[in-house]
Amino acid sequence: MTGNGNKRAAAKRHSKGEAKFPRAAKPAADAVSAIERVHMARNPARPQALDYIELLFHDFFEIHGDRRYGDDGAIVAGLAKFGGRPIAIVGQQRGHSTAERIARNFGKPHPEGYRKAARVYELADRFSIPLITFIDTQGAEPGVGAEERGQAEAIAHNLELMAQLTIPVIACVIGEGGSGGALALGVANSVLMQESACYSVITPEGCAAILWRDATEEKIAAAARVLKLAAPDLLELGVIDEIVPEPPGGAQISPAQAAHLLGAVIERHLKKLLKLEPAALRRCRERKFAAIGTAFIEHDQA
């Protein structure tokens, strides 16, 4: 599916959801197991970055290429308007159809994708435009070509760059957030996470293979539990700032309602961040991430 096809599909779903939305149920920490949350986060029918861009923003202008190697379809980046205010957007796009998923490398960005994101980060900072990111990847592309083109350096540069931004930054985990491939879009003042999403340093499959050299379903489920990748766990540990509710059954049941719920939380956090001075935005972001390790230590000692 092409980008235009994505927009038409999202617009169709949006037109069906113009009516007033019912209040979504509150997230339940023990409603589903950790591995079930992973499967829900990976559901190919879940709305992705381009769907939320179509449903929440206006006048989206997509920026292509990194000016060094090429354009990476796994990263969608550009400028738009949110509530009449200019906004910079960077998101990871997995794709819905088989053809699109292959074209977008299943949402696993190459170095050129992260350098394209860096272009938008710098552009937003130069013109004092708030930045919103959408995280949805198992991780960065691990292939030889990506490593030869500087994958680790590209991710590290994005981490450093995001930490230095003097604009409001809001990161939204909308699916599966994995490893540094996700964190390169996640150094934000406010980290929001949909209740059926997951966010961790590694996939459960990778964790099971490393720790136990056993990728059976039982070990994968055990890895998902110990990774604490669910939204309630991450909120308790201070990794994320707020859990965004989804329609009953998941965001894929009603993308328009899911976008409405996410948009309301984004708007609330953005209004709060816009009141801060540029230096304060950077300082608060630095302190937030410096304190995450402390939260883990205090949790283990409790």
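Colleague: Which helix does Val226 lie in?
Modeller: This is a predicted model, where local features need pLDDT of at least 70, side-chain atom pairs 80 or more, and totals use all residues. Numbering starts at 1 along each chain, and side-chain values use heavy atoms, without hydrogens or water. Residues 217-226 form the helix (a DSSP run of H or I, at least four residues; strands are E, at least two) that includes Val226. That is helix H10.

Colleague: Is Val226 buried or exposed?
Modeller: Its relative accessible area is 54%. Exposed means over 50%, buried under 20%, partly exposed in between (1.4 Å probe, protein chains only). So Val226 is exposed.

Colleague: Which element gives the most residues to the largest nonpolar core?
Modeller: That core (buried Ala, Val, Leu, Ile, Met, Phe, Trp, Tyr and Cys joined through side-chain atoms within 4.5 Å) has 41 residues. Val90, Tyr121 and Tyr199 are among those with the most contacts inside it. Strands S2 (75-82) and S3 (85-92) are among the elements that each supply at least two residues. With seven residues, the top contributor is H5.

Colleague: What is the phi of Arg67?
Modeller: Arg67 sits in the loop between strand S1 (58-63) and S2. Arg67 is exposed, at 73% relative accessible area. Most residues other than glycine have a negative phi. Arg67 is not a glycine, yet its phi is positive, about 65 degrees.

Colleague: Where is Phe106 found?
Modeller: Phe106 also has a positive phi, near 55 degrees. Phe106 is partly exposed, because its relative accessible area is 40%. Its place is the loop between helix H4 (98-103) and H5.
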